[in-house]
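Hi there,

Here is the structure I promised to pass on to you. Please open it and keep it on screen while you read the rest of this email.

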Amino acid sequence: NASPRSIAILPDGKIFVGGQFNIFNSLPQKYLIKLNTDGSKDTSFEIGSGFGNTINNISIQPDGKLIAGGYFTTFNGNVQNRLIRLNPDGSKDTSFDIGSSFNDTIFPFEIQPDGKIIVGGLFTTFNGNVQNRLIRLNPDGSKDTSFDIGSSFNDTIFPFEIQPDGKIIVGGLFTTFNGNVQNRLIRLNPD
């Protein structure tokens, strides 16, 4: 009943779709669904009552777990601020602990080959501490303190891409980085 925002295809051809929708084929389906190759709902992936708001981005880890990020602040009626990792059956992966998490929207994120996750968006805090719009998380959901962006960006991050050498190209609405003029595009070192 509304638009997808992100699609991820599994090696077996099944498809995850996340977005603005909350109905699929006249039945409630809150913002995330897994489809069989023929387009029918894959009932082996069950998210219960689902998410409280839009999913902007989804990505599948090599182990089949799914990470979703967006506007949502709940999952199955429980607080879950804007980022979650789900098991292959749709249940929450409790080994991924992001605490109270982000205070505002997540747009892009990307899983690095080492399992760390770079997350960007509109947020200005992570677990109550200042974290302006970009962060790298360890595979368990904790902040990777070896990734230091200082005071960071003054406005929203939309796209970013990790180069083969680990450097990160970041784009968005920002006009400063660490207090210096940097209009909407920057390349960061891996640290």
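Below is what turned up, starting with the aromatic rings and ending with a sheet. Please keep in mind that this is a predicted model.

The structure holds nine aromatic pairs. A good one to look up is Phe153 with Phe174: their ring centres are 4.6 Å apart and the planes make an angle of 55 degrees, so the pair counts as tilted. Phe153 sits in the loop between β15 (134–137) and β16 (157–162), while Phe174 sits in the loop between β17 (168–172) and β18 (176–177), so this pair ties together parts that are 21 residues apart in sequence. Both Phe153 and Phe174 are buried.

Phe153 also forms a tilted pair with Phe177, at 4.8 Å centre to centre and 50 degrees between the planes. Phe177 belongs to strand β18, so here the parts tied together are 24 residues apart in sequence. How buried are these two? Phe153 has a relative accessible area of 2%, and Phe177 has one of 14%; both values are under 20%, so both residues count as buried.

Elsewhere, ring pairs join Phe51, Phe72 and Phe75 into a cluster.

Now for the sheet. It is open, with three strands in the order β11-β12-β15 and antiparallel pairing. β11 (106–111) and β15 are the edge strands with a single partner each, so one side of each has no neighbour in the sheet. On average, neighbouring strands are turned by 20 degrees against each other, direction ignored. Between β11 and β12 (residues 117–121) there are four bridges, and Phe109 has Val119 in β12 as its bridge partner.

Enjoy exploring!

Technical notes. Residues numbered from 1 in each chain as written. Predicted model: local features only at pLDDT ≥ 70, side-chain atom pairs only at ≥ 80, totals over all residues. Heavy atoms only, no water. Phe/Tyr/Trp six-rings, centres within 6.5 Å; stacked < 30°, edge-to-face > 60°. Helix = DSSP H or I, 4+ residues; strand = E, 2+ residues; numbered from the N terminus. Buried < 20%, exposed > 50% of the residue type's maximum accessible area, 1.4 Å probe, protein only. Pairing = 2+ DSSP bridges. Axes fitted to C-alpha atoms, helices over the stretch in contact; angles between N-to-C directions.
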